[in-house]
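Hi,

Here is the structure I said I would pass along. Have a look at it first, and my notes follow below.

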Amino acid sequence: MNKRLKWFPLFSTNFMGVLNDNLLKTLIGFVCVSWLSPDSKATLVSVAAALLVLPYIFLSPWAGKLAKEYPKAKIIQWAKLSEIPIMVIAALGFMLSNIYVVMISMFLMGLQSCLYSPSKYGIIRDIGGRGGISFGTGAMEMITFVAVLLGTFLGGFISDLDRYFSKPIYVLLVLCAVLILLAVVGWFASLGIHPQETAPEDDSDDTLNPFLFPVKWYRWSKQISGLNYTVLGLSMFWLIGSMVQMNLYIYCEDFLNLSNTATGFIMALVAVGIGVGCYVAGVISNHQVKTKLVTIGGVGMTIAMLGIFVMKPDVTVFTILIVVFAFFAGLFKIPLNAFMQDRVKGRELGPVLAYNNQMVFVAILFSAGIFSVIEGQFDAAMVFVAILFITILTTIIAFLKIPGAGMRA
């Protein structure tokens, strides 16, 4: 099989899943808010986001156990099959204009995504071997960000179809058909995933307690130099990314006087920037894990954010700087993912990826709290100062503690 073609089933499965996740989330923000009072929009969006996040915090131990004890390809296929009835539930909720049914489907999608995430990323090494880790990880992340962007755009487009159809029922039929069709196509794509996996372990004794699980795997990860700092680096990537995303809504309006459409365009460019950075990191690694890119990415992010702080730029320069920041964020992220896949052997990779997922989503929750406090006490410009400080600190830690990134070879 062609070297690139062997990746197609996994990449297309991932694309369809992320696209459907974000399409559903966007439709909730655009369609479901019309069922409620105007002042309920922020609450609705927050609850929808929480329903996606909470499974990763409390059920990641189950996801790690599944990836350790069962064939990862089968877990992916079962998860994608379950997406079809989940989207039927979502469709039913939209048809009935029932927010509770739609929210149940949102929670089930978060649960489904959580349970197969370690298998989805853990199977990269099984498909491409150690030499394919950097390319596979970089391409997967690029596809993820493209799917997020497209899902957001598609959700907005579908929600505006009432301008072209005389009856609202036609919009709902299109909406429901797209959700279910993407789930079906994603399941069919997953059936083509047939890697050479290591043998699953018999009934492991891993804890399923969401509070003891990270403690256990933090201790286990100490035996691999730099692994816990890799988890910290990835958590900080998502904390920083989440704060940037939240702050763009405020900063673009208050300091750049931009419309919602213009702000959305900048956010789309940020997603593209991260995706391109991820792909470039995977390509230039050339079948190796080059953690030196972590330091380069961190320094690039720091310089771009420092430019925003010092220059207080106009719209054009700000857009360039924030996209450059996003590109270097992609360079920062991929070597960390690749390092984890390279250093953790065999079936232990599943629980380690689940441990990483748990820490990432805890960091995302923290980011919301940090953003709320700083923006509430000061303004959006000070949030970028906080992001600059966190980026510098994260880069220094990575430089000192991750093998190959700087001080530790």
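**Rings and a cavity**

In this predicted model, the charged end of K312 sits over the ring of F309, at 5.2 Å from the ring centre.

There is plenty of ring-to-ring contact to look at too: the structure holds 17 aromatic pairs. Take Y70 and W78: their ring centres are 6.3 Å apart and the planes meet at 70°, so this pair is edge-to-face. Y70 itself is partly exposed, with a relative accessible area of 37%.

Now try Y251 and F318. Their ring centres lie 5.0 Å apart with the planes at 20°, and planes under 30 degrees apart count as stacked, so this pair is stacked. The two residues come from distant parts of the chain, 67 residues apart: Y251 is in helix α9 (residues 227-254) and F318 is in helix α12 (residues 315-343). Are they buried or exposed? Both Y251 and F318 are buried. They also belong to one aromatic cluster, together with F255 and F384.

On to the empty space. A search of the whole structure turns up 1 cavity of 30 Å³ or more, with a volume of about 40 Å³. Its lining is made up of A67, K72, P118, G122, G346, R347, L349, G350 and L353. By class, that is 4 nonpolar, 3 polar and 2 charged residues. Helices α4 (99-122) and α13 (349-377) each supply at least two residues of the lining, and the largest share, 3 residues, comes from α13.

Cheers

Definitions and conventions:
Residues are numbered from 1 along each chain as its sequence is written. This is a predicted model: local features need pLDDT of at least 70, side-chain atom pairs count only at pLDDT 80 or more; totals for chains, interfaces and linings use all residues. Side-chain values use heavy atoms; hydrogens and water are left out. On a 1 Å grid over the protein atoms alone, a cavity is a set of points where a 1.4 Å probe fits but cannot get out, and a pocket is an open set with protein on both sides within 12 Å along at least five of seven lines; lining residues have an atom within 4 Å of a point. Grid points are joined across faces, edges and corners, and a volume is the space filled by probe spheres set on the points. Helices (H or I, at least four residues) and strands (E, at least two) are DSSP runs, numbered from the N terminus. Ala, Val, Leu, Ile, Met, Phe, Trp, Tyr, Cys and Pro count as nonpolar, Asp, Glu, Lys and Arg as charged, and the others, Gly among them, as polar. Rings of Phe, Tyr and Trp (its six-membered ring) pair if their centres lie within 6.5 Å; planes under 30 degrees apart count as stacked, over 60 as edge-to-face and the rest as tilted. Buried means under 20% relative accessible area, exposed over 50%, partly exposed in between (1.4 Å probe, protein chains only). A charge sits over a ring if NZ of Lys or CZ of Arg is within 6 Å of the ring centre and within 35 degrees of the ring normal.
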